[in-house]
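User: Before I plan anything around this protein, I would like to go through the terms used to describe it and see how each one is justified. Could you take me through them?

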Amino acid sequence: MSQKYPITISSWTLGDQCKFEDRVAAAKKAGYDGIGLRAETYVDALNEGLFDEDILAILKKYDMKVTEVEYIVQWAEDNRSYEQKYKEQMCFHMCGLFGVKHINCGLMENYSVEHTARKLKELCHRAGKLVIGVEPMPYSGIPDMAKGWAVVKASSCENAKLICDTWHWVRANQPVDLSVMADIPADKIVSIQINDVWDRPYAKSILRDESMHDRLAPGTGIGCTAAFVKMIREKGIEPLAVGVEVISDAILAKGIEEAAKHTFDNTKKVLEEAWPEVLGE
């Protein structure tokens with residue numbers, strides 16, 4: 001297992017229709033170091049009749065860890081729903097249960113940098129020692145690294161950081177180049193998620209559909225993944241997790257074992273080329 005940069009199969013890569021033990025077993029068999037869980041997939045495990053101690057026992061059985069927790073949303077709203085407040089608390093609980101130090105967060109609503117930064121500061125305060133990882137997404141209220149960094153910087157919070165995802169990076173029409181992160185300290189990137197993209201994007205109005213249904217495994221699309229990983233390495237970023245987030249109906253249709261194997265095998269090829277140390281013990 002890569003102790004420093006655990007290669008993690010993100011929650012959506014295996015969908016939301018599998019049992020918890022099947023998820024862990026498929027990830028382990030494929031070669032992953034850890035699994036990602038969304039609040040929803042954790043609750044699904046509870047609804048199978050599992051208790052926290054059962055979940056921990058299954059992870060121990062397969063010598064696996066949860067290394068990625070997500071996904072807090074709508075945190076910039078003045079009047080948040082109880083569902084979102086509870087989901088946030090669930091993410092905090094999951095981090096404590098699994099020993100995860102960061103939470104992936106997104107924001108679909110578009111507000112000014114000032115408003116968003118103020119709300120991010122509030123979220124960071126509620127999170128305590130946990131790191132809040134803000135993920136720019138091209139169809140969201142934080143569409144790119146420029147606004148993401150502006151918000152994180154303006155929040156003035158030590159535990160406010162950014163997440164870099166290959167798909168979102170490329171679809172935001174950002175060059176895979178260090179210049180995009182020139183003003184961002186390396187320690188302000190908490191984790192990365194890797195994948196690949198088709199040569200032509202979906203139309204802007206349905207770009208989120210591509211993100212949620214039609215991503216590609218690392219190195220199997222336009223070939224941006226290796227360059228992305230090299231950029232992360234050259235920047236000196238030390239991600240708490242190397243998430244493999246390949247949300248694909250076509251890949252998942254082949255079953256979770258095949259989805260796990262396909263994504264890991266291609267991830268390994270990319271890392272062997274771009275950052276072999278991540279594969280080390």
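**How the terms are justified**

Analyst: The chain exposes about 12500 Å², and carbon and sulfur atoms supply 50% of it; accessible areas come from the Shrake-Rupley method with a 1.4 Å probe, and for residues only the protein chains shown count as cover. This is a predicted model, in which local features need pLDDT of at least 70 and side-chain atom pairs count only at pLDDT 80 or more, while totals for chains, interfaces and linings use all residues. Residues are numbered from 1 along each chain as its sequence is written, and side-chain values use heavy atoms, with hydrogens and water left out.

User: What makes the chain as compact as a globular protein of its length?

Analyst: The chain has 11 helices and 8 strands, where helices (H or I, at least four residues) and strands (E, at least two) are DSSP runs numbered from the N terminus. Its radius of gyration, taken over C-alpha atoms, is set against the globule rule, 2.2 Å times the number of residues to the power 0.38. The chain's value is 18 Å and the rule gives 19 Å for 281 residues, which is close, so the chain is as compact as a globular protein of that length. Along the principal axes, the C-alpha atoms fill a box of roughly 45 × 40 × 35 Å.

User: How do you know that Cys 124 forms no disulfide with Cys 157?

Analyst: A disulfide is a pair of cysteine sulfur atoms within 2.5 Å. The closest cysteine sulfur to that of Cys 124 is in Cys 157, at 4.2 Å, and therefore too far for a bond. For Cys 18 the closest cysteine sulfur is in Cys 91, at 18 Å, again too far. A search of the whole structure finds 0 disulfides.

User: Why are Cys 18 and Cys 124 called buried?

Analyst: Buried means under 20% relative accessible area, exposed means over 50%, and partly exposed lies in between (1.4 Å probe, protein chains only). Cys 18 has 18%, so it counts as buried, and Cys 124 has 2%, so the word applies to it too. Of the 281 residues of the chain, 56% count as buried.

User: Which residues of helix H6 are buried, and what covers them?

Analyst: In H6 (residues 145–155) the buried residues are Met 145, Lys 147, Gly 148, Trp 149, Val 151, Val 152 and Ser 155. Their cover includes helix H5 (113–127), strand E5 (131–134), strand E6 (160–165), helix H7 (166–171) and strand E7 (189–194).

User: Why is Ser 156 called exposed, and what is notable about its phi?

Analyst: Ser 156 lies in the loop between H6 and E6, and its relative accessible area is 62%, so it is exposed. Its phi is near 60°, a positive value in a residue other than glycine. Most residues other than glycine have a negative phi, and most peptide bonds are trans. Gln 74, in the loop between E3 and helix H4 (82–98), also has a positive phi, near 55°. A cis peptide bond, with omega about 20°, joins Glu 70 and Tyr 71, and Tyr 71 lies in strand E3 (residues 65–72).

User: What makes His 213 partly exposed, and which residues does it contact?

Analyst: His 213, found in helix H8 (residues 207–213), has 38% relative accessibility, so it counts as partly exposed. Leaving aside its neighbours within four places in sequence, His 213 is in contact (heavy atoms within 4.5 Å) with Ile 247, Ser 248 and Asp 249.
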